[in-house]
Amino acid sequence: MLHAVLLRAEVPSARLLAVDVSRACKMPGVRAIVTAADAPGLHGIGIADQPLFAVDLIRYVGEPIAAVAADTLEQAEAAVAAITTEIDLLPTAISMADALAPEAHLVHPDWRNYEVLFEGAAHAGNIAWEATVVRGDTGAAFSRADVTVVESNFRVGRQNHLSFEPRVAIASYEDGRFHIETSTQVPWTIRNVTARILGIPASHVRVTVPAVGGAFGLKFDCALEPFAALLARASGRPVRLANSRQEEMFTCLCRENAEIKLRSAVTKEGEIVGREAVVLMDCGAYGGEQIFLTTMTAHTLGGNYRLGSVRISSRAIYTNTAPNGAFRACNGVYNTFALERHTDEICAAIGMDQFEFRRRNVLGDKDIGSTGQVFEGDVLRPMLDRMADLRSARPSKKGTAGRRLYGRATTVGTWFIFVGPSAATVNLNTDGSATLVTAGVEIGSGSMMQALPQIVANTLGLHPEQVIVRTADTDGSGFDLGVGGGRTTVSLGAASQSASEEVRKKLLSVAGEMLQTAPERLVLAGGRVEIAGAKGSGTTIAKVVERAQQLLGPLSGSGSFTRPGVPAMAGCARGHFIDAIDIPVFAVHECEVAVDPETGHVEVLGYTVVQDVGHAINPRAVFGQIQGGVVQGLGYALHEEITIDADGRMRQEGLETYRVPLAQDVVPVEISLHEGAPSIGPLGTKGAGEVPILNVAATIACAVSNATGRPVCEIPLTPPRVLELILGKNTQLTFPHISPFWEENVLTSQPSGKRDVAG
Amino acid sequence: MPLHLTVNDEDRVSVRDPLTPLVDVLRDEFFLTGAKIVCREGFCGACTVWVDGRPVVSCLLPVGLAVDCKIHTVESLSTNGDLSVLQKAFEDHDAVQCGMCFPGMLMTLTSFLDREPRATREEIKAALVGNVCRCTGYERIVDAAFSLASAG
């Protein structure tokens, strides 16, 4: 097998005049070198703006320029060092303020020529995508005489997933087809995007995925696979390409940095009659996931509370920095931070208790969301009541704060299940075991290896250990949207259940003949089929399968699932990939913190989660997800910080400088599961692995604000930042690139992908 | 020059350069892939093995310095297919998620519990200062180790 290395750009913005590989080609052990000439196509989500290799322009530090495959890694590295490039430095737009300044450097000068893959959004210049919500008359709401107007600004940095297994792919090319073995959450996306980039039919790509060593959204996009595929074809040999930890750090598809401006008109009774918001999401040099994620602002920042009227502008902004991507509860984490902190500022302004305000205003049965969808069931309010009960059932940890400042906060969060298409096949074998075939991937959440076998086993009367889960293979299974967005147990689960039900029907029909009993009087349990009420009367499932195989052939069933399509209000959402959320998921978090006024250190004294799970198929696995998700959120809230220098280079290159939570930083999370909320998921389930991180930063920030009496407007709350806050030395957060007039933060009143707008 | 090593009580010979990190010899030459390469900087602990009984991050140890040492990897913990008591405790506590950090966690904690069989939760957490986990939020790993310490 050959080893591959990428030549990556070392400057954030330049014209790429020439790439000379002639010397590198002659280096020892070199078998293939590929460049932009080998992969001219553009790809993207919503808009095709990204080449595989830099073509003509370099747009970020770390952008691939060439790829080399050689007999050894050292030979590949030596050859990469021998490639010469000729560049002309260009001006940069490193921050979103740079990108939106008058006369800003355009990251994509020819943005007008890009193919639009999803129509309906406005975009222009460095504004890669704009999704808006307009429902009701906010102008009238804000001009009412009886309202208090509250305004807040918030800013958050990037978060690196730091999944322990890096992005890595092994590709081979045989008989005109590619086989890519890769560490991904989205086998079918890899298949389709690789084909698009290589300009070949998608059916010529086979993707297989072994168990994945952590992902958290990082692996929700095509990454190294097309490079490995190109090199495999060019060399005629299998090629392995893996990111080093440093490459993972500076090309990570991070949770995006964001800037949020929020404004609300609230009556003295606490009714929110109007809300306006502008959210800027840094997509980096290419649109990627952020294009889609602009949609989510309507449901995260626009979620949680009843709103009389609402206007939201959610924009993805190009900068000369590494592209950002998807990360567990993407978009939701910082918008919930902003919304919940803003909510506490509203409470302060109108003199209402923070908990009481939430109890009065959270979305309940038949309330409408920001895009006009109608919510079903009272979920958040009883969850808040449960949290109050938990709080009163145990002593406060205030005593352990000692001389430090003590704070407590309760927040709410709205998230969703990203449903969409899944397929499953179940084969029942003559030894009584079942094989479940899907394109799902186990990334450590337990959905594939714990929840799905339970669903299949439950339908077929087997033990979960008797269900063999086939690892993902796009040649062997039907389409799947991928493992992410909390959809695995729901979408793949529903498809698996439906496949199992088909098998069950066939099984019972044959068993009915064998036992001379109507199928509806038969019961499947413990690997046996019994006549109802007469234990021991039946036979083993294995024997029935054997009989069925003689009569009908092997027993198998297939199942499919897709999104149900919840309606929104016509015309109020523009540029959105989805107008309503199919399965809402709610969370209530509470924490107690102690803030050291001398060092600025924040200690989390206690943390409690009440989570809406629909129905918990495997409560222990859900608890594990909640503990892990909360701790990832604590890192984001308190010390995981990425800073980008003036040359567009991330300063944090590894675990020495990027500070993730360690064992001594964490506390055991107290958990209460809220069951019974409506869900179309199999057995009433909802995804439970993504949402635990949703309101951690919000809760910590609100608690630190309560402890210090100072408004927290930026995270992470590193000790220096907290000290500045306590001493009143932090600078007021202002956004000169966001207009105080909402109308000036939208490109056009009409949706248009093609309209020529200055920017 | 061939390097003579003792790995999991077997004599092994490496033909790699003596400056090669031990973890690469274990994984690429001996196919002992339990030790994981995550940071290559000694921060994450996922490549922890025992060298003469002490937990060492194998990414920072040149194989030349491991000659004549007794090396044990996570593969040595189970005997005849039976899990070690700590491995069993991890399984019983449903502690594993993606699993990349667990070989290192096992090597660190097995060694620690040998020395401190009555450790408190706080002491167990302190022992994990060199082992990062990105999935689990640690508490169940600590619970598993503490179940052995408190069972005595």
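This is a short selection-by-selection tour of a predicted two-chain model.

Some housekeeping before you click: residues count from 1 along each chain as its sequence is written, chains are lettered from A and ligands numbered from 1 in the order in which they are written. Because the model is predicted, local features need pLDDT of at least 70 and side-chain atom pairs count only at pLDDT 80 or more, while totals for chains, interfaces and linings use all residues; side-chain values use heavy atoms, with hydrogens and water left out.

**Stop 1: where A meets B**

Select the contact residues on both sides (contact being heavy atoms within 4.5 Å): you should get 38 residues from chain A and 28 from chain B. The two chains bury about 2,600 Å² between them, with 58% of it on carbon and sulfur atoms; buried area here is the accessible area (1.4 Å probe) that two parts lose on being put together, summed over both. On the chain A side, show Phe164(A), Arg620(A) and Ala663(A), which lose the most area to chain B, together 27% of what that side buries.

Now go polar. There are 2 salt bridges between the chains, a salt bridge being a side-chain nitrogen of Lys or Arg within 4 Å of a carboxyl oxygen of Asp or Glu. Put a distance label on Glu640(A) and Arg134(B): they form a salt bridge, with the closest N and O atoms 2.7 Å apart.

Next, colour α16 (619-638) of chain A, together with α7 (245-250): these elements give two or more residues each to the side touching chain B. The largest share, 9 residues, comes from α16(A). Helices and strands are DSSP runs, numbered from the N terminus (helices H or I, at least four residues; strands E, at least two).

**Stop 2: a covered helix in chain B**

Select residues 22-29 of chain B, helix α1, where 6 of the 8 residues are buried. Buried means under 20% relative accessible area, exposed over 50%, and partly exposed in between (1.4 Å probe, protein chains only). The buried ones are Leu22(B), Val23(B), Asp24(B), Val25(B), Leu26(B) and Glu29(B). To see what covers them, add strands of chain B, including β1 (3-7), β2 (10-14), β3 (48-51) and β5 (70-72). Then check the backbone just after the helix: Phe31(B) has a positive phi of about 55 degrees.

**Stop 3: the domains of chain A**

Colour chain A as domain 1 (2-90 + 167-242), domain 2 (323-415 + 584-726) and domain 3 (422-561); the bounds come from an automatic or database domain assignment. The centres of domain 1 and domain 2, taken over C-alpha atoms, are 38 Å apart, and each of these two domains gives 8 residues to the contact. About 620 Å² is buried between them, 58% from carbon and sulfur atoms. Looking for salt bridges between these two gives a count of 0.

**Stop 4: Gln373(A)**

Zoom to the loop between α11 (354-361) and α12 (380-392) of chain A, where Gln373(A) sits. Is Gln373(A) buried or exposed? At 3% relative accessibility, it counts as buried. Its side chain reaches the backbone nitrogen of Ile581(A) at 2.7 Å. Beyond its neighbours within four places in sequence, Gln373(A) is in contact with residues including His299(A), Asp367(A), Val566(A) and Ala580(A).

**Last stop: Gly446(A)**

Finish in the loop between β23 (434-437) and α13 (447-460) of chain A, the place of Gly446(A). Gly446(A) is buried, at 10% relative accessible area.

Definitions and conventions: A polar contact is a pair of N or O atoms within 3.5 Å; within protein, one must be able to donate a hydrogen and the other to accept it, and residues adjacent in sequence count only if both atoms are side-chain atoms.
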